[in-house]
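Colleague: Mind walking me through this one before I head back to the bench?

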Amino acid sequence: MVNKMKIVLLGCLNKNKSGNVYGGAEKSLINLANWLSRNENNEVLIVSVEGNVCAYPLDKKVAFIGYGIKAENKILLHIQMYKNTVKAIKKIQPDIVIGFWIHPLFYMILGGVAKKIPMIYSERNDPELDYGTVAKYMRNKMMKRAKGIVFQTSGAKKYFREDIQKKSRVIHNPVYMKYEKYPVYDDGRNRIVTVGRLNKQKNHKVLIEAFKKISAQFPMYTLEIYGEGPLKEDLKKQIAGLNLETKVFLKGAYSDVLERIYGAELFVLPSLYEGMPNALLEAMSMGIVVLSTNCPCGGPSELIQHGKNGFLCNTDDIEDLKDKIELILNMGKNEKKEIQDCAKEVCCTHSEEIIFGKWNDYIEECINYVSN
């Protein structure tokens, strides 16, 4: 048992090109910091080596150090990130560093400040599809030196060598809401919803195509897509080309998106790949019937028991997606209610206490390994 821990959560809390702040990894890092700070023996710091905006609520016991960067190109950006990383770690001298991004942890090694400080790296997405050649090289070097690695899914863990697997843990994302907050119901407005950044990974174009195929059979239904991203204009053109302007709506990104999707009849996640998708967890915890692609690296399939608490379909398969949507929309109310009730069980199986408790145990294990 570790009596006192100085814990640094190292990341890049910067705004994206559309001006929006943060996604799932950033939210998870901040919430983990908040939970760890509840232990009075922990001194918890978030260090952002690129970006100085903390957009999610931060516990007053968590220190936040952010570095704003104005770089003209990527090379200067990474030089500054390197300097910020080394400077912060040398000054703080933490007992352990946890990172959800490759670059800051790699820069710890490059700067020689990782020799006596254990590092835990958390892989947040598909380890094959989400990285280029240089990033994979940096990740592999960093993983070799890391004392611990946290994967979100078993599929991501199996991608790596046996020596990496042996020192790793699979820990899902938590659900940040209590079971009773959103009672099960659907609002009768015939709404299909999805939440996700408008990029290639989230594959909204396939969902729009599938919706077109069922729209004549279900003329009262609408599709609401929540999120911003680089493919917004392309999706607008696709919607117009399919004459769906009165049926499919790009709603934008909202901080209260859960309130906006609550009561929808169906939530669809059409992604090409996912880690452990927060949007899917949140929809299930609200009692919305969910349909997701059975995509790598297996996050949706580890959450969904097909036909019991949700549904799975083939990845990037318009016809199968269409068929599954039809199946769900044709279900009776009682049958649907059983699935909604089962879906809400993630509020219990994936509570903050359970998930972050696993994190805390693993952090202590990695510190004890170094101490001994």
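**Pockets, cores and salt bridges**

Colleague: What kinds of residues, by class, make up the lining of the second largest pocket?

Modeller: That lining has three nonpolar, two polar and two charged residues. Nonpolar here covers Ala, Val, Leu, Ile, Met, Phe, Trp, Tyr, Cys and Pro; charged is Asp, Glu, Lys and Arg; the others, Gly among them, are polar. This is a predicted model, so local features need pLDDT of at least 70 and side-chain atom pairs pLDDT 80 or more, while totals for chains, interfaces and linings use all residues. Residues are numbered from 1 along each chain as its sequence is written, and side-chain values use heavy atoms, with hydrogens and water left out.

Colleague: Which residues line the second largest pocket?

Modeller: The lining is made of Lys27, Asn31, Asn34, Tyr56, Pro57, Tyr176 and Glu352. Helix α1, residues 24–36, gives the most, with three residues. The pocket's volume is about 170 Å³. A pocket is an open set of points on a 1 Å grid, with protein on both sides within 12 Å along at least five of seven lines, and a lining residue has an atom within 4 Å of a point.

Colleague: And how many cavities of 30 Å³ or more are there?

Modeller: The structure holds three, and the largest has a volume of about 60 Å³. A cavity is a set of grid points where a 1.4 Å probe fits but cannot get out. Around the largest cavity sit Ser28, Leu32, Phe100, Arg124, Val150, Ile171, His172, Asn173, Pro174, Phe356 and Trp359. By class, seven of these lining residues are nonpolar, three polar and one charged. Helices α1 and α15 each supply at least two residues of that lining.

Colleague: Switching to salt bridges, which residue pairs with Lys27?

Modeller: Lys27 meets Glu282 through their side chains, at 3.0 Å from N to O. Lys27 lies in helix α1 and Glu282 in helix α10 (residues 278–285), so the pair ties together parts 255 residues apart in sequence. A salt bridge means a Lys or Arg side-chain nitrogen within 4 Å of an Asp or Glu carboxyl oxygen. Across the whole structure, the search finds 19 of them.

Colleague: Is Lys27 buried or exposed?

Modeller: Lys27 is partly exposed, at 22% relative accessible area, whereas Glu282 counts as buried at 15%. The cut-offs are under 20% for buried and over 50% for exposed, with partly exposed in between (1.4 Å probe, protein chains only).

Colleague: What does Arg139 pair with?

Modeller: Arg139 bridges to Glu123, their closest N and O atoms being 3.7 Å apart. Arg139 lies in helix α4 and Glu123 in strand β5, so this pair ties together parts 16 residues apart in sequence. Arg139 is buried at 1% relative accessible area, and Glu123 is buried at 1% too.

Colleague: Any bridge with a residue out in the open?

Modeller: Try Glu353 with Lys178, with the closest N and O atoms 4.0 Å apart. Lys178 is exposed at 51%, while Glu353 is partly exposed at 41%. There is also a salt-bridge network linking Lys322, Asp323 and Glu326.

Colleague: Last topic: how many residues are in the largest nonpolar core?

Modeller: That core has 37 residues, and Val8, Leu10, Val47, Val97, Leu105, Met108 and Tyr121 have the most contacts inside it. A second, separate core of 29 residues includes Ile214, Ile225, Val289 and Met331. Cores are sets of buried Ala, Val, Leu, Ile, Met, Phe, Trp, Tyr and Cys residues joined through side-chain atoms within 4.5 Å.

Terms used: Points joined across faces, edges and corners; volume = space filled by probe spheres on them. Helix = DSSP H or I, 4+ residues; strand = E, 2+ residues; numbered from the N terminus.
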